[in-house]
Amino acid sequence: MQAARIVVDRDFVLSDLDRRVFGAFVEHMGRCVYGGIFEPGHPTADAQGFRGDVMALTRELGPTIIRYPGGNFLSGYNWDDGVGPREQRPVRRDLAWFSTETNAFGTNEFMDWCRKAGVEPMFGVNLGTRGPEEARRFLEYCNHAGGSAMSDLRRAHGQADPHGIKFWCLGNEMDGPWQICHKTAEEYGRTALETAKVMRWTDPTIQLAACGSSHRNMATYGAWEYAVLDHCFDEVDFISLHTYFRNDADEIREYFGVIELMDAFIKEVVAICDAVAAKRRSYKRIMLSFDEWNVWYRTHQIEHMRKPGWPVAPPLIEEVYNMEDALIVGGALITLLNNADRVKAACLAQLVNVIGPIMTETGGAAWRQTIFHPFAQAARFGHGRVMQARVTSPAYAAKSFPEIPYLHTAVVDNPADGSTAIFALNRHLNEPLELTAELRGLGSDRTLVLASELQHPQLKTVNTRQTPDAVAPRTNPDVAVAGERITARLKPASWNVIVTRAAPRTS
Ligand code: AHR
């Protein structure tokens with residue numbers, strides 16, 4: 001029997017939690033937009049063509065912010081193709097995914113969709129084929145009230161009120177040779193600086209994210225972040241991180257190591273940001289936007305990313321997730337929470353069909369993939385502030401990471417309603433973990449609100465249209481609360497959420 005312990009104390013708070021870490025991503029790619037969130041004629045579609053079943057599942061998933069419109073698509077996208085009367089919008093060839101883009105869906109449709117879904121938008125500007133002037137014009141179109149050419153154009157398009165979009169990405173993965181108009185760090189750093197300047201002058205209330213590395217394994221990793229920030233440090237708020245987890249060896253004990261590598265990635269990028277600050281003797285802190293992350297390896301080959309004949313919305317990278325992947329996504333969420341002092345935004349990539357937690361049939365059903373569940377629970381119960389948990393756990397050694405504790409955990413406390421959520425991954429494959437958690441000073445009159453486990457003895461189990469709930473959270477009967485102490489038995493290879501509540505506190 002394995003045992004592990006968590007101690008938190010009301011005086012040891014890591015950080016307030018920025019709920020934008022529970023973001024997602026909608027790209028004009030495959031069936032994410034067309035056949036995903038937007039499908040006129042679908043039995044559940046509303047008058048604007050937004051799928052009602054996908055909307056309902058999005059609300060249940062609970063993303064707080066959604067990145068749009070790409071992705072690699074962004075680097076060849078003309079925002080002005082996607083606004084105005086639909087019948088006048090041009091049909092284009094998209095060089096990112098070798099698909100035909102009809103532009104039937106664009107900025108104003110996405111903003112209407114966001115309002116209905118109750119999410120904040122995170123927009124990107126094209127710094128591949130375009131540059132600062134188009135970024136400025138687009139921002140003016142979106143955020144200026146009226147009385148200028150671009151804002152009046154928006155009003156003429158039936159959007160009287162400005163969109164008020166706060167979060168803007170300065171391009172996408174500009175370090176990647178696959179990117180349309182890839183740049184060197186020097187080229188991108190200069191462009192990002194000049195674009196940031198004109199965007200801030202256009203709307204001083206916005207927040208800006210510069211592109212970091214597409215992956216920690218990029219040859220330019222580290223040097224890229226330093227060089228880019230050396231140019232644009234004073235004008236940006238965030239640097240981005242992207243990562244897609246792989247299980248190439250099909251060995252879950254090794255696969256669990258990617259969660260530790262994500263943590264290392266974050267801490268390394270923080271160190272680089274702070275090195276740039278130190279060189280300038282600046283107290284400004286650049287925050288991290290982990291704005292693409294997920295499991296993606298089964299469909300990472302070119303034949304899954306391109307279909308011949310320039311089709312409209314072909315099925316691309318429709319990864320089917322299993323129980324193992326849900327554990328990885330749950331573990332990654334814990335890592336994001338435990339870096340809440342510097343990670344202030346993050347996006348699960350993507351939302352629907354394209355490496356998505358939601359899967360649909362065009363014209364048919366929609367269902368929850370396995371990875372839907374840890375995300376939905378973290379977004380629902382992760383409110384307030386992340387505590388500095390002192391964790392004691394046995395560990396194992398792997399090739400992917402030298403020391404992997406069986407218990408991976410984060411504790412989020414919400415003084416507003418007195419609740420405290422423990423998110424806990426048991427990475428032991430065969431043995432349960434006997435967990436003891438002491439919540440010191442957070443209220444001793446605790447009651448159990450939720451004891452949930454995501455677990456399946458067959459780790460390759462997937463959710464399908466026919467078996468949509470094969471992997472789903474169930475109640476864990478082995479959880480007890482006594483005063484400030486919680487005890488629980490966590491099943492092997494399980495992701496767990498335990499929520500207890502004391503009387504609401506004022507501090
Ligand atoms: O999410 C799929 C693709 O992965 C995105 O378009 C790109 O930014 C990343 O390489």
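Here are some short exercises on the structure above, each with a worked solution.

Before you start, note that this is a predicted model, where local features need pLDDT of at least 70, side-chain atom pairs count only at pLDDT 80 or more, and totals for chains, interfaces and linings use all residues. Residues are numbered from 1 along each chain as its sequence is written, and side-chain values use heavy atoms, with hydrogens and water left out.

**Exercise 1: the two domains**

Find out how the chain is divided and how much area the parts bury between them.

Step 1. Start with the bounds, which come from an automatic or database domain assignment. Domain 1 covers 2-11 + 386-502, and domain 2 covers 21-381.

Step 2. Look at who takes part in the contact (heavy atoms within 4.5 Å). Domain 1 gives 43 residues and domain 2 gives 35 residues.

Step 3. Now the distance: the C-alpha centres of the two domains lie 30 Å apart.

Step 4. Finish with the area. The size of an interface is often given as the accessible area lost when the parts come together. Here, buried area is the accessible area (1.4 Å probe) that two parts lose on being put together, summed over both. Domain 1 and domain 2 bury about 3,400 Å² between them, with 67% of it on carbon and sulfur atoms.

**Exercise 2: the barrel**

Trace the closed barrel and look at how its strands pair.

Step 1. Get the terms straight. Helices (H or I, at least four residues) and strands (E, at least two) are DSSP runs, numbered from the N terminus. Two strands pair if DSSP finds at least two bridges between them.

Step 2. Follow the eight strands in the order β3-β4-β7-β8-β9-β10-β11-β12; the pairing is parallel. On average, neighbouring strands of this sheet are turned by 30° against each other, direction ignored. For such angles, axes are lines fitted to C-alpha atoms (for helices over the stretch in contact), and angles run from 0 to 180 degrees between N-to-C directions.

Step 3. Zoom in on two pairs. Strand β3 (residues 23-25) pairs with β4 in the parallel sense over two bridges, and A24 stands opposite I66 in β4. Strands β11 (residues 287-295) and β12 (residues 343-349) also run parallel, joined by four bridges, with W293 opposite L348 in β12.

Step 4. Check the side chains of β4. I65 and R67 point one way, I66 and Y68 point the other way, and all are buried. Buried means under 20% relative accessible area, exposed over 50%, and partly exposed in between (1.4 Å probe, protein chains only).

**Exercise 3: a helix on the barrel**

Where does helix α2 lie, and which residues does N108 touch?

Step 1. Place the helix: α2 (residues 107-117) lies across β4 (65-68) and β7 (120-125), at about 155° to β7.

Step 2. Take T107, which is in this helix. T107 counts as buried because its relative accessible area is 0%. Leaving out residues up to four places away in sequence, T107 touches several residues, including Y68, F123 and H163.

Step 3. Move on to N108, also found in α2. N108 has 6% relative accessibility, so it counts as buried. Beyond its neighbours within four places in sequence, N108 is in contact with V83, Y141, H157, Q159 and H163.

Step 4. Add the polar contact (a pair of N or O atoms within 3.5 Å; within protein, one must be able to donate a hydrogen and the other to accept it, and residues adjacent in sequence count only if both atoms are side-chain atoms). One of 2.8 Å joins the side chains of N108 and H163.

**Exercise 4: unusual backbone spots**

Pick out cis peptide bonds and positive phi values.

Step 1. Recall the background: most residues other than glycine have a negative phi, and most peptide bonds are trans.

Step 2. List the cis bonds. One joins Y68 and P69, with omega about 5°. Another runs from G70 to G71, with omega near 15°. Both P69 and G71 are found in the loop between β4 and β5.

Step 3. Look at phi. F98, in the loop between β5 and β6 (99-101), has a positive phi near 50°. E173, in the loop between β8 (167-170) and α5, has a positive phi of about 40°.

Step 4. Are these two buried or partly exposed? F98 counts as partly exposed because its relative accessibility is 26%. E173 is buried, with a relative accessible area of 8%.
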